[in-house]
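Subject: Structure handover

Hello,

Here is the structure for you to take over. My notes follow below it.

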Amino acid sequence: MQTSSFPIVIDGQLLPDKAHALAQQLNIPLMSPSNTEKDKPVMKLGWWQDGKKSGDDIGETDYKLALFPPNTGPVYVDFVTGKKNHRRQFGGGKGQPLARAVLAAEHPTIIDATAGMGGDAFVFASLGCQVTMIERSPIIAALLQDALNRAQQNDTPEEIQEIVSRLSLINDDATQYLTNQTPICDVVYLDPMYPEKKKSAATKKDMQALQHLVGPDMDSETLLKAALHVAQKRVVVKRPKNAPTLVGIQPNASIQSPNTRYDIYAIKALKAAGKL
Ligand SMILES: C[S@@+](CC[C@H](N)C(=O)[O-])C[C@H]1O[C@@H](n2cnc3c(N)ncnc32)[C@H](O)[C@@H]1O
């Protein structure tokens with residue numbers, strides 16, 4: 001659901017041909033003198049490169065598709081370096097609460113129905129799971145696709161290429177997709193946007209950009225219902241630590257971490273109790 005709090009424009013200063021194609025694909029206007037930030041703040045979508053290379057050394061894959069919210073640095077998805085790779089190496093592997101919540105089998109097949117910036121999906125793929133990411137915002141899906149393309153280049157370490165080969169992406173509304181396609185998977189994972197009560201300095205740049213772009217997800221209960229009909233083993237819903245459970249069916253168990261709770265809906269147990 002696109003509810004951006006700022007007008008969105010495509011910045012074609014770098015890679016103008018690709019910018020043109022993206023503007024058509026997403027039906028978003030190209031930045032022009034009349035929609036620059038001078039009069040009112042805009043959220044730009046365009047390419048960025050971190051300046052580590054210059055001149056002829058820069059290839060197309062050095063450019064990352066990024067969002068530029070007003071007054072913030074670029075927000076992009078990167079599976080190769082940075083936070084996601086750090087979390088892969090030092091995030092606790094199978095012992096981390098997120099892993100314990102989804103590992104209903106050795107290597108469950110997972111549908112991440114709220115892919116966002118792909119952080120959780122990358123953790124699942126790092127644990128050896130095949131992951132289908134579903135993201136309904138065409139802009140976020142474009143950021144994810146750009147990161148997948150970059151991560152599949154020859155200069156990406158083999159280990160990461162292998163992890164990324166377990167990730168696939170669908171740009172669709174997950175409720176529609178799960179209902180119409182009835183895909184088979186062990187686990188459906190949901191991490192809907194939770195309404196922010198107040199702006200906290202701790203809210204990360206990526207999450208702030210998502211909040212501006214898509215706002216809170218108000219239809220998560222419908223998505224949970226669709227997920228419960230598709231998952232063979234469990235549905236896992238990520239919630240802020242003290243948030244209420246999603247309305248409707250109650251989870252069978254929860255795993256806590258300092259700021260987060262993972263509610264687990266075990267399909268077999270729910271069916272045995274006549275709740276599904
Ligand atoms: C909190 S973010 C997910 C963050 C993600 N777990 C990560 O690690 O980056 C929620 C995302 O789910 C997407 N979303 C919410 N409901 C959806 C639905 N029904 N279908 C597809 N995407 C959905 C939103 O557009 C948003 O990008």
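A backbone N or O atom of G118 lies 3.3 Å from an oxygen atom of the ligand. For G119, a backbone N or O atom is 3.2 Å from a ligand oxygen. E135 takes part through its side chain, where a polar atom lies 2.7 Å from an oxygen atom of the ligand. Of the 600 Å² of accessible area that the ligand has on its own, the protein covers 96%. Please keep in mind that this is a predicted model.

The shell around the ligand

The ligand is surrounded by 20 residues, and the closest are M117, D120, E135, A174 and D191. By class, this shell has 9 nonpolar, 7 charged and 4 polar residues. Three elements give two or more residues to the shell: helix 4 (119–126), strand 5 (131–135) and helix 8 (205–214).

The annotated positions

Which residues does UniProt list for "binding site"? The entry, which is unreviewed, lists E135, R136 and D191. These positions are spread over 57 residues of sequence, yet they cluster in space, with a largest C-alpha distance of 13.1 Å. E135 is also the residue whose polar side-chain atom lies 2.7 Å from a ligand oxygen, and D191 is among the closest residues to the ligand.

R136 sits in the loop between strand 5 and helix 5 (138–151). R136 counts as partly exposed because its relative accessible area is 22%, and the buried class ends at 20%. D191 is likewise in a loop, the one between strand 7 (185–190) and helix 8. Its relative accessibility is 24%, so D191 is classed as partly exposed. Leaving out residues up to four places away in sequence, D191 touches T114, D120 and K238. Of these, D120 is also listed among the closest residues to the ligand.

Helix 9

Helix 9 covers residues 220–230, and its buried residues are S220, L223, L224, A226, A227, L228 and V230. What covers them? The cover includes three helices or strands from earlier in the chain, namely strand 4 (110–112), helix 7 (174–181) and strand 7. Strand 8 (231–240), strand 10 (260–266) and helix 10 (267–272) are also included in the cover.

A226 can serve as an example from this helix. A226 counts as buried because its relative accessibility is 10%. Apart from neighbours within four places in sequence, A226 is in contact with T175, L178 and T179. A226 and T182 are 44 residues apart in sequence, while their C-alpha atoms are 9.1 Å apart in space.

Two backbone angles

Most residues other than glycine have a negative phi. L15 is not a glycine, yet has a positive phi of about 50 degrees. N27, also a residue other than glycine, has a positive phi near 55 degrees.

Where are these two residues? L15 lies in the loop between strand 1 (8–11) and helix 1 (16–26), and N27 is in the loop between helix 1 and strand 2 (43–48). Are they buried or exposed? L15 has a relative accessibility of 16%, so L15 counts as buried. N27 has a relative accessibility of 72%, so N27 counts as exposed.

Regards

Terms used: Residues numbered from 1 in each chain as written. Predicted model: local features only at pLDDT ≥ 70, side-chain atom pairs only at ≥ 80, totals over all residues. Heavy atoms only, no water. Near = heavy atom within 4 Å. Polar contact = N/O pair within 3.5 Å; in protein donor to acceptor, adjacent residues only side chain to side chain. Areas by Shrake-Rupley, 256 points an atom, 1.4 Å probe, with all protein chains shown as cover. Helix = DSSP H or I, 4+ residues; strand = E, 2+ residues; numbered from the N terminus. Nonpolar A, V, L, I, M, F, W, Y, C, P; charged D, E, K, R; others polar. UniProt positions renumbered as here; feature names shortened; annotations may be inferred. Buried < 20%, exposed > 50% of the residue type's maximum accessible area, 1.4 Å probe, protein only. Contact = heavy atoms within 4.5 Å.
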